[in-house]
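Subject: Structure for you to look at

Hello,

I am passing on a structure that I have been going through, and I would be glad if you looked at it yourself before reading on. My notes follow below it.

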Amino acid sequence: MSLSEFCQTWRSQKTLLTALPERYGQVMEDLLGRMEAGSLFTEESCSFSQDDLQANLSIWLDKASQTLERQP
């Protein structure tokens, strides 16, 4: 799956995003936008480290899961 397809798939999860507080969508979009921009560089950039962005996306997933579990 290309990075573009990956980001598109994440963005299409409207049901999930509407179940979360609005800030989750904002943070997710920021991370995906940086991933897309970082993919334009051939090497790691200090502001677009793909490893760091993937780690942050994993944290986002963990926090989103915790938030959803706490909802009635």
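With which residue does arginine 34 form a salt bridge? The partner is aspartate 30, and the closest N and O atoms of the two are 3.2 Å apart. Please keep in mind throughout that this is a predicted model, and that the values in this message were computed from it.

Let me begin with the overall layout, since the details are easier to place afterwards. The chain has four helices and zero strands, so that, read from the N terminus, its elements run α-α-α-α. Of its 72 residues, 26% are buried, and the accessible surface of the chain comes to about 5100 Å², with 53% of that area belonging to carbon and sulfur atoms. If you take the contacts with a separation of 6 or more, 55% of them are between residues that lie 24 or more positions apart.

Now to the charged pairs. In general, side chains of opposite charge can pair when their charged atoms come close. In this chain the count comes to three salt bridges. The pair from the opening question, arginine 34 and aspartate 30, lies within helix H3, where the two are four residues apart, about one turn of the helix. Both partners are partly exposed: arginine 34 has a relative accessibility of 35%, while aspartate 30 has a relative accessible area of 38%.

The other two bridges involve arginine 11. Its side chain meets that of glutamate 29 in a salt bridge with an N to O distance of 2.7 Å, and this pair links distant parts of the chain, because arginine 11 sits in helix H1 (residues 3-11) and glutamate 29 in helix H3 (residues 22-38), 18 residues apart. Glutamate 29 counts as partly exposed, at 35% relative accessibility. Arginine 11 also forms a salt bridge with glutamate 36, at 3.0 Å from N to O, and here again helix H1 is linked to helix H3, with the two residues 25 positions apart. Glutamate 36 is partly exposed as well, with a relative accessible area of 28%. Taken together, Arg11, Glu29 and Glu36 are linked in a network of salt bridges.

Which residues of H1 are buried? They are Cys7, Trp10 and Arg11, and because they cover an arc of only 100 degrees around the axis, they are on the same side of H1. The buried residues of this helix pack against helix H2 (14-19), H3 and helix H4 (50-70). Arg11 therefore appears twice in these notes, as a buried residue of H1 and as a member of the salt-bridge network.

Finally, there is the nonpolar interior. The largest nonpolar core has 13 residues, and those with the most contacts inside it are Trp10, Met28, Leu32, Leu57 and Trp60. H1, H3 and H4 are the elements that give two or more residues to this core, and H3 gives the most, with five. When you rotate the model, you might look at tryptophan 60: leaving aside residues up to four places away in sequence, tryptophan 60 touches Trp10, Leu16, Leu17, Leu20, Tyr24, Val27, Met28 and Leu31.

Best wishes

Notes:
Residues numbered from 1 in each chain as written. Predicted model: local features only at pLDDT ≥ 70, side-chain atom pairs only at ≥ 80, totals over all residues. Heavy atoms only, no water. Buried < 20%, exposed > 50% of the residue type's maximum accessible area, 1.4 Å probe, protein only. Contact = heavy atoms within 4.5 Å. Areas by Shrake-Rupley, 256 points an atom, 1.4 Å probe, with all protein chains shown as cover. Salt bridge = Lys/Arg side-chain N within 4 Å of Asp/Glu carboxyl O. Arc of directions from axis to C-beta. Core = buried A, V, L, I, M, F, W, Y, C linked by side-chain atoms within 4.5 Å.
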